[in-house]
Amino acid sequence: MGKRDVSGGMKVGDVLRNADLGLDKDVSDDRKLRGKLKALKKETISAAERTAHLSQLTLTERTGFLETESPLERTFKVTQEQILEGSDTATKNRGSFKLELGNTGLGPYGAQYSRSGKLLLVYSRSGHVSVTNWTKLQQLSEIYLNQTVRDGTFLHNDSYFALAQRKYVGIYDSSGIELHVLRKHSNPIGLEFLPYHFLLASLGERGGLQYTDTSTGEVVAELKTSYIGGASSISLNPFNACIATGHSNGTVALWSPISSEPLVRILANRGSINSIAITQDGTYMLTSGSDACCNIYDLRTYKKLNCIRLPVAANRSIFSQRNLLALSFGPNVKIYKDIFSESTIGAPYMENLYAGRVVESLSFCPYEDVLGVSHSKGGHKFAKRKQLVRKSSSKRAWTGGTL
């Protein structure tokens with residue numbers, strides 16, 4: 001294989017050297033053959049240029065993590081202002097996006113990205129709901145439900161979303177029209193959607209785990225989780241579509257709609273489970289409890305790998321598509337990387353402080369280096385877009401603000 005240039009792409013000359021077509025042979029006596037070889041050489045050069053161009057686009061060796069130029073510098077001390085200052089105009093416009101709604105009295109807010117990464121669902125505890133195309137800063141719908149909204153999620157595409165309301169689960173389209181009310185999902189505190197099974201799962205205050213087929217509207221399974229402990233959190237394993245529920249006694253249970261009993265039960269923490277996060281490949285799970293410990297488990301062996309100790313208990317946690325971990329507690333948001341080992345976890349990779357606010361929700365945008373943070377007074381974007389700076393590459397992050 002040919003050598004690569006400084007940007008990681010393959011050069012045109014490398015492609016031509018790899019394809020020995022005998023174009024330089026002396027065929028001066030045969031004018032017809034010489035013409036054919038000349039046309040073939042032209043086509044080969046054109047194909048080599050296309051190959052070199054595509055190698056630049058499809059190159060995935062470097063992921064663009066933030067790197068310092070000196071061993072004395074720390075990446076978590078780099079501020080969002082410094083990252084955006086060295087970014088391009090498009091990154092500045094889209095990477096730092098804030099919705100300050102503190103004066104409306106509608107907070108606290110939560111937010112969720114669609115699976116395509118184009119739309120952003122914003123909801124507040126007081127019933128303010130909005131769907132926005134955040135890439136174009138275009139609001140698609142806005143409704144006021146005048147009742148509590150605890151959670152929200154998009155369904156199989158960007159056209160529909162579900163809300164965990166005070167008594168039931170409501171399904172709406174992107175224009176804000178209510179389509180269905182799922183009355184069997186009583187007092188839901190959390191929602192998860194299984195995109196490859198068209199199943200909407202909700203966890204109720206009294207410990208009921210409900211599965212509903214969104215294509216037919218039928219209830220597929222009703223599971224009782226209250227005998228394990230009070231329900232406190234719910235999360236989805238993207239790899240095998242198992243639902244993980246956290247309970248007040250520190251237990252995490254993994255569920256499938258075909259089994260009335262949990263597939264696995266783990267005593268994960270010494271206090272109530274505040275949040276659960278599972279990687280995209282379903283290999284690792286993080287549980288954050290009221291004991292201020294964030295424990296990391298290998299789901300292949302159910303062995304505890306490591307622990308992140310925080311000053312106070314983390315209330316939200318989430319993994320990105322590249323296994324970055326985001327944690328929030330109080331006004332703080334911290335991002336960690338390279339945590340899946342038995343060695344001691346050091347300083348965070350990035351961090352941000354939202355003074356005078358309490359972070360309520362974290363959401364990584366799919367296919368974008370963006371983290372959405374929602375707090376008690378609205379929502380912000382934390383830009384983490386790849387931007388080459390000398391030998392390093394910086395990330396733009398979307399941090400919490402008022403949504």
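Ala 292 counts as buried in this predicted model, with a relative accessibility of 16%. The residue sits in the loop between β19 (284-289) and β20 (293-298), and its backbone is worth a second look. Phi of Ala 292 is near 65°, a positive value in a residue other than glycine. Most residues other than glycine have a negative phi. Phe 198 is another case of this kind, with a positive phi of about 55° although it is not a glycine. Like the alanine, Phe 198 is found in a loop, here the one between β10 (188-194) and β11 (199-204). The surroundings of Phe 198 leave it partly exposed, at a relative accessible area of 32%, whereas Ala 292 is classed as buried.

Attention can now turn to the sheet around β6 to β9. Four strands make up this open sheet, arranged in the order β6-β7-β8-β9 with antiparallel pairing. The edges are taken by β6 (149-154) and β9 (178-182); each has a single partner strand, so one side of each is left without a neighbour in the sheet. From one strand to the next, the twist averages 20°. Within this arrangement, β6 and β7 run antiparallel and are joined by five bridges. For Gly 152, the bridge partner in β7 is Leu 163.

Strand β7 (residues 160-165) also holds Tyr 160, a residue that takes part in a feature of the surface. Together with Ile 177 and Leu 179, Tyr 160 makes a nonpolar surface patch of about 250 Å². Tyr 160 itself counts as partly exposed, at 30% relative accessibility.

Charged side chains provide a further set of contacts. Side chains of opposite charge can pair when their charged atoms come close. In this model the count comes to three salt bridges. One of them involves the edge strand β6: the side chains of Glu 205 and Arg 150 meet with an N to O distance of 3.3 Å. Because Glu 205 lies in the loop between β11 and β12 (208-213) and Arg 150 in strand β6, the pair ties together parts that are 55 residues apart in sequence. Both partners are partly exposed, Glu 205 with a relative accessible area of 45% and Arg 150 with one of 23%.

A further salt bridge links Arg 300 with Asp 298, whose closest N and O atoms are 2.9 Å apart. Here the two partners fall into opposite classes of accessibility. Arg 300 is exposed, with a relative accessible area of 57%, while Asp 298 is buried, with a value of 8%.

The remaining pair to describe is formed by Glu 351 and Lys 334, where the closest N and O atoms are 2.5 Å apart. Glu 351 belongs to strand β25 (residues 350-353) and Lys 334 to strand β24 (residues 332-336), so this salt bridge ties together parts that are 17 residues apart in sequence. Glu 351 counts as partly exposed at 28% relative accessibility, and Lys 334 counts as buried at 16%.

Note on methods
Residues are numbered from 1 along each chain as its sequence is written. This is a predicted model: local features need pLDDT of at least 70, side-chain atom pairs count only at pLDDT 80 or more; totals for chains, interfaces and linings use all residues. Side-chain values use heavy atoms; hydrogens and water are left out. Helices (H or I, at least four residues) and strands (E, at least two) are DSSP runs, numbered from the N terminus. Buried means under 20% relative accessible area, exposed over 50%, partly exposed in between (1.4 Å probe, protein chains only). Patches are made of residues with over 30% relative accessible area and no salt bridge: like charges are joined within 9 Å, nonpolar side chains (Val, Leu, Ile, Met, Phe, Trp, Tyr) within 5 Å. Accessible areas come from the Shrake-Rupley method with a 1.4 Å probe; for residues, only the protein chains shown count as cover. A salt bridge is a side-chain nitrogen of Lys or Arg within 4 Å of a carboxyl oxygen of Asp or Glu. Two strands pair if DSSP finds at least two bridges between them. Axes are lines fitted to C-alpha atoms, for helices over the stretch in contact, and angles run from 0 to 180 degrees between N-to-C directions.
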